[in-house]
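Let's take a walk through this fold, one helix and a handful of rings at a time. Have the viewer open and follow along.

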Amino acid sequence: MEEPASLPQSGSSTPVTPQPSATPSPAQTPTQTPLSSVTNTPSPAVKSGRRMPILDPRNLIPIRRSSTRSIKRKKFDDEVVESSLVKSDRGRIKITPPQPEKQEPVVPEEKAPAPPQPEKKKEPPKRPVGTKTMPTKSSSSKRNKKQKTQAPASTKDLGRWKAQDDLALITAVQQTNDLTGVYQGVKFSCRFTLKEIQERWYALLYDPVISKLAIQAMKTLHPDVAGAVQAQALYSTDEEKLLGKISSNTQPQPTVDVFEDLLDKTPDIFHPARTAKSLHSHWLLMKQYHLLPDQSVQPMPRGDHVLNLSDAEDMLNDDDLRDGRDEILEHELAIADKRNKREIRHLEQELPKWQVQVDSITGINPQDFDNQTLAVLKGRLVRYLMRSREITLGRATKDNQIDVDLSLEGPAAKISRRQGVIKLRNNGDFFIANEGKRPIYIDGKPVLAGNKQKLFNNSVLEISCLRFTFLMNQDLINVIRAEAQKITPPTS
């Protein structure tokens, strides 16, 4: 059957005749054969006007060999496009060879195994080991649930009960015939409630499976372990009656030999694991807790003879509770008081000798100068009060003590330990002398090392990166100048 052929690359409805000189389409690789050779038709017939049969685009892709190794070379762009067309289940690339309509089917397609997967799943031997299907999970869970529900209630907590516990339980019940006493007196390997002890005892009596397992486990115990468990068995009533026949007032006190004779006379009453030493220890415990028949517990006083807490407090004398005078402590306190007063008096005497006082600036205008402040060196953070005729400026250290520590104002690493000295002369003039390495700027003028400069009111001092304002107490300076004029006679 022939139809109008239209190639997917051209997209036109007119018949296309292949030409040897035409360039290949983008989908064709450089190794692609001419179109006339693919269709196996001679070129003269094509030129005569015959129509081309319909071609499968997949037949235009050449067969490419691929490696089965895990490490492959890097693919080119055209190979990536070709390999993305057909993929197998495992991710390996499979490219079907070209199949023209008139040719026989290609052999690789017939040899390609395509077994139905559902049949594989139905066959148990061929199913993979690690795969599990939902029905098997549900069936296994249901089977487990059935097994759990079918477990008898008597085997509950079977793992908690050890062979030692069963032996101790049986021995204690045979001695006392009281499960409550067993619960209170026997120390098991783990903590059991009274109900659990009762259930275990009834299971040992009436459940043949548990009874058989418990007997087998107790038979496997080491003789020393079994003997230690039986040695701790509770004492029966008959045993305590025989021990009570030994009086508590016996002089001298009964020894182990007495209990040895008692054990030899009545071996059928005492437990086989009893020894003379254990009987002696138990008798001492009975005597300690007044459980022997010849011991009597004194009754509590009745009526008004009972002394309560309030009566005991009334009987106490408060004077007896007071401590007497400790002369040594009072002497030490007096000495410490004198020492503190002496230090306070010394500080009060040194107060007028202070040359500089540092106050923090809060932004509020400071109060007026007092009678002792000659001048003020005001900075950005602190202000220094000059109360003597000579003060030193610089950076304070452990070995060098100065009057004005400039490090309180800001960074003073580049300031000398003794940077300068401010002096007040008798005529009321202030001078500053530079004794450091760096210059001091007074109103913008440098004062080099070893030089002096007169200070005026509101003079600006710059030392390194710190700036201060020098303020003088004009009233006090005027008084000093007047006194200086009186002392010095006028020159004629």
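Start with the buried residues of α7, which are Ala163, Asp165, Asp166, Leu167, Ala168, Leu169, Thr171, Ala172, Val173 and Gln175. Buried here means under 20% relative accessible area, with exposed being over 50% and partly exposed in between, using a 1.4 Å probe and protein chains only. Before going on, some housekeeping: this is a predicted model, where local features need pLDDT of at least 70 and side-chain atom pairs count only at pLDDT 80 or more, while totals for chains, interfaces and linings use all residues. Residues are numbered from 1 along each chain as its sequence is written, and side-chain values use heavy atoms, leaving out hydrogens and water.

Back to the helix. Since 10 of the 14 residues of α7 are buried, the rest of the structure largely encloses it. Its buried residues pack against α8 (179-185), α9 (194-206), α10 (208-219), α11 (223-231) and α12 (237-244), where contact means heavy atoms within 4.5 Å. Helices are DSSP runs of H or I with at least four residues, strands are runs of E with at least two, and both are numbered from the N terminus.

How does the length of α7 work out? The expected span of a helix is 1.5 Å times one less than its number of residues. For the 14 residues of α7 (residues 163-176) that gives 20 Å, and the end C-alpha atoms are indeed 20 Å apart. Right after α7 comes Asn177, with a positive phi near 55°.

Now for the rings. Rings of Phe, Tyr and Trp (its six-membered ring) pair if their centres lie within 6.5 Å; planes under 30 degrees apart are stacked, over 60 edge-to-face, and the rest tilted. That rule yields six aromatic pairs. One of them is the stacked pair of Trp161 and Phe192, 3.9 Å centre to centre with 10° between the planes. This pair links distant parts of the chain, 31 residues apart: Trp161 sits in the loop between α6 (134-150) and α7, Phe192 in the loop between α8 and α9. Both Trp161 and Phe192 are buried, and together with Phe188 they form one aromatic cluster.

Phe259 and Trp283 make a tilted pair, 6.0 Å centre to centre and 55° between the planes. Here helix α13 (residues 256-265) supplies Phe259 and helix α14 (residues 276-288) supplies Trp283, 24 residues apart. Phe259 has a relative accessible area of 0%, so it is buried; Trp283, at 0% relative accessibility, counts as buried too.

Finally, look at Arg274, which lies over the face of Tyr235 at 3.8 Å from the ring centre. A charge sits over a ring if NZ of Lys or CZ of Arg is within 6 Å of the ring centre and within 35 degrees of the ring normal. Arg425 lies over the face of Phe431, at 4.0 Å from the ring centre.
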